[in-house]
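This report describes a protein chain together with its ligand. The account begins with strand pairing and then turns to the helices, the ligand shell and the backbone.

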Amino acid sequence: MPIRCDVVSVERVVFSDDVDMVIAPGVEGVLGILPHHAPLMTALVPGELIIRKAGQEDVYMAVSGGFMEVRPDRVTILADAAERAEEIDIERAEAARRRAEQRLKERPPGVDLVRAETALRRSRVRLKVARRRRRPPVVPRVEGPRKGEGE
Ligand code: ATP
């Protein structure tokens with residue numbers, strides 16, 4: 001019996017399907033949710049969200065925080081922002097990381113350090129999740145027999 005998983009950000013429905021397992025970054029640690037899980041409501045921290053369905057590639061997403069509601073037949077994630085690995089703009093995430101690192105290093109007057117810290121965390125999560133992208137399949141090289149071989 002699968003569990004319904006909906007990932008919704010303020011802008012769009014990012015994911016919606018029946019799945020077998022959801023692994024989410026809860027404030028108190030990573031949570032693995034299987035069908036028939038006890039009801040639960042938790043805040044999420046910026047982190048990696050993994051959705052598993054038998055016979056399919058795992059879906060990797062970056063979430064920037066939000067809330068997760070678990071019911072025995074349903075997981076609903078209301079994310080501040082969420083992107084699937086293949087949607088992440090790596091250059092943008094790298095630029096955000098550099099910006100946040102610079103602010104934290106130079107600490108110019110008036111800069112909000114907590115905001116810079118969370119921006120840094122978001123960018124690091126995006127970069128980590130982007131690396132999970134499915135790599136193109138390795139096509140085996142077909143070589144003809146070399147001279148003197150296979151003849
Ligand atoms: P930036 O400083 O680059 O805007 P941010 O961490 O401040 O990054 P958010 O406020 O978390 O961005 O997100 C704003 C919107 O932009 C959301 O819809 C989010 O999904 C999207 N977004 C942010 N960074 C990226 C990225 N690197 N690739 C794809 N979408 C992104």
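Which residue in β2 stands opposite R4? In this predicted model, the residue of β2 that faces R4 is D18.

**Overall organisation**

The protein chain contains two helices and eight strands. Read from the N terminus, the elements follow the order β-β-β-β-β-β-β-β-α-α. The chain has 151 residues, of which 26% count as buried. Among the contacts with a separation of 6 or more, 53% are between residues 24 or more positions apart.

**Pairing of strand β1**

Strand β1 (residues 3-9) is antiparallel to strand β2 (residues 13-19), with six bridges between the two. The connection from β1 to β2 is a hairpin of three residues. Besides the pair of R4 and D18, C5 has D17 of β2 as its bridge partner. β1 also pairs with strand β7 (residues 74-79), here in the parallel sense and again over six bridges. On that side, R4 stands opposite R74 in β7. R4 thus has a partner in β2, namely D18, and a partner in β7, namely R74.

**Helix α1 and R103**

Helix α1 has 17 residues, and the distance from its first C-alpha to its last is 24 Å, close to the 24 Å expected at 1.5 Å a residue. R103 lies in this helix. Is R103 buried, exposed or partly exposed? R103 counts as partly exposed because 18 C-beta neighbours lie inside 10 Å, and a residue is buried only if 20 or more other C-beta atoms lie within that distance and exposed if there are 12 or fewer. Leaving aside neighbours within four places in sequence, R103 is in contact with V111 and A116. Its C-alpha atom is separated by 9.1 Å from that of E117, which is 14 residues away along the chain.

**The shell around the ligand**

There are 13 residues around the ligand, and those that come nearest are A81, D89, R92, A93 and A96. The elements that give two or more residues to this shell are α1 and α2. By residue class, the shell comprises five nonpolar, one polar and seven charged residues. Where does the ligand lie with respect to domain 1 (3-85) and domain 2 (89-132)? The ligand lies between them, because both domains give residues to the shell.

**Positive phi values in loops**

Most residues other than glycine have a negative phi. Two residues of this chain are set out below for their positive values.

| Residue | Phi | Loop | C-beta atoms within 10 Å |
|---|---|---|---|
| H36 | near 70° | between β4 (29-33) and β5 (40-52) | 10 other C-beta atoms |
| R107 | about 45° | between α1 (90-106) and α2 (113-130) | 11 other C-beta atoms |

H36 is exposed, since 10 other C-beta atoms lie within 10 Å and the limit for an exposed residue is 12 or fewer. By the same limit, R107 is exposed, with 11 other C-beta atoms within 10 Å. R107 follows α1 and lies in the loop that leads to α2 (113-130). Neither positive phi belongs to a glycine: H36 is a residue other than glycine, and R107 is not a glycine.

Notes:
Residues numbered from 1 in each chain as written. Predicted model: local features only at pLDDT ≥ 70, side-chain atom pairs only at ≥ 80, totals over all residues. Helix = DSSP H or I, 4+ residues; strand = E, 2+ residues; numbered from the N terminus. Expected span 1.5 Å × (residues − 1). Near = placed C-beta within 6 Å. Nonpolar A, V, L, I, M, F, W, Y, C, P; charged D, E, K, R; others polar. Domains from an automatic or database assignment. Contact = placed C-beta atoms within 7 Å. Pairing = 2+ DSSP bridges.
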